[in-house]
Amino acid sequence: MTKWLEKTLGEVTSFMKKGIPPKYTVEESEKTIRVLNQKCNRNFEISYSESRLHDCEKKIVPADKMLRAGDVLINSTGIGTAGRVAQVVEVKGPTTIDGHMILLRPSEELNPIYYGYAVKAFQSQIEGLAEGSTGQTEINRMRLQDEVIIKYPKDKLVQENIGRFLSNIDDKIKTNTEINKNLEEQAQAILTSFFIDFSQFGGTVPDDWKQGTLQDIANFSNGYAFKSKELLNTSEPNCYQVFKQGHINRGGGFNSSGTKSWYPISKSSALSKYVLHKGDVLMAMTDMKDNVAILGNTALMAVDDQYIVNQRVGLLRSNGYKSTSYAYIYLLTNSLNFLKDLRSRANSGVQVNLSSSEIKDSSVWIANDEVNEEFNALTEPLLSMIMTNDIENQKLIDLRDTLLPKLMSGELDVSNINL
């Protein structure tokens, strides 16, 4: 029988420090390193797309704050992001973190992968350690060390088995995500050949096409303005999941690990037009002025009647005009030229916002029925595979998140499973 121990997070952590106040630069050189920030911490993974460069000539980074594979990062500040946990699987060149993140390394008694999932299991509690005003909260590191209790098997081989069991699930999610990326690139290449450079038609627009607007081929509506107090933070029976901007990936696509909120179906009788259907296209209508990342990007809904759309997300539903379908709308709205034009017409303030009228008035080429049917036949199977993988990823995420606390408490024993 495997013996389990309990210690505070501080007792099983050999290193816990905040990052550096960086000296940023825009040019990469031998004297620069990458700096991760809160926006790089997504879904228990690290994204380098939001990182910036630090000039080591102006400020030396201590060696112990250079990231290593297996390090665990926690957002120490941020509205809605403080307490978010991620583990570094691999380090892509010299990298550190800024002062809005906390770096943790396990002691020798814990397997690093097990340690990462153990911390992740307490993310909700860690988020609750944020203190301060509504405008600026910060994780209390003393409470982080003393109040989070880690339970673990004494046998490191059992720890490794549990960590591998969970990481296998995450590896499958990553594989599906990579497959989707490839499928999306194929579909975008078809869009380009048909509607961007017209190479499918000898490089010129066919005479019987017309230039119209997005509202000619899609019905548009804004999401519903839910009150935060109406939303549930945990899943319950007979609820819709609320589709928010966090469900839209940078560059387009559905993020099944997006912001989690639920709304009771029993209260939704007057909100049927906001309930999402398979093939609906969802557009991000708001972004930060100093870092536009997802404005105008869209996600493709993969299921029927499971989500309800929140405000600041635009719903585009194909009306079938000239045999156009969701495939054209989704791929077009994530194409570079379309996004560049749409973002140029956004209202700029503290935030950047897209108006309903500007979205609906976006210019589109409308082909004849025969061409659109050919385009649909080529692209819809690719998008169907993407939606299938999105559904599988959601099931895998739900499985992982259900098993995580049970595995970390010893309720489930995988020590004898051959992984």
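A residue is called buried here when its relative accessible area is under 20%. By that criterion, 49% of the 419 residues of the protein are buried in this predicted model. The protein exposes about 20000 Å², and carbon and sulfur atoms supply 49% of that area.

A look at the overall fold comes next. Nine helices and 26 strands make up the secondary structure of the protein. The radius of gyration is 23 Å, close to the 22 Å that the globule rule gives for 419 residues, so the protein is as compact as a globular protein of that length. Along the principal axes, the C-alpha trace spans about 75 × 55 × 45 Å. Contacts across the chain fit into this picture as follows: among those between residues at least 6 apart in sequence, 78% join residues at least 24 apart.

Charge can be described in a similar way. The protein carries 47 positive and 52 negative side chains, and the centres of these two sets lie 6 Å apart.

Among the strands, one group is worth following in the structure above. Four strands form an open sheet in the order S3-S7-S4-S10, with mixed pairing. At its edges are strand S3 (24-25) and strand S10 (95-97), each of which pairs on one side only. Strands of a sheet pair through backbone hydrogen bonds, in either a parallel or an antiparallel sense. Strand S4 (residues 32-36) and strand S7 (residues 52-55) are antiparallel to each other, with four bridges between them. One residue pair can be picked out by eye: Thr32 has Asp55 in S7 as its bridge partner.

Key. Residues are numbered from 1 along each chain as its sequence is written. This is a predicted model: local features need pLDDT of at least 70, side-chain atom pairs count only at pLDDT 80 or more; totals for chains, interfaces and linings use all residues. Side-chain values use heavy atoms; hydrogens and water are left out. Helices (H or I, at least four residues) and strands (E, at least two) are DSSP runs, numbered from the N terminus. The radius of gyration is taken over C-alpha atoms; the globule rule is 2.2 Å times the number of residues to the power 0.38. Buried means under 20% relative accessible area, exposed over 50%, partly exposed in between (1.4 Å probe, protein chains only). Contact means heavy atoms within 4.5 Å. Accessible areas come from the Shrake-Rupley method with a 1.4 Å probe; for residues, only the protein chains shown count as cover. Lys and Arg count as positive and Asp and Glu as negative; His and the chain ends are not counted. The place of a charge is taken as NZ of Lys, CZ of Arg, CG of Asp or CD of Glu. Two strands pair if DSSP finds at least two bridges between them.
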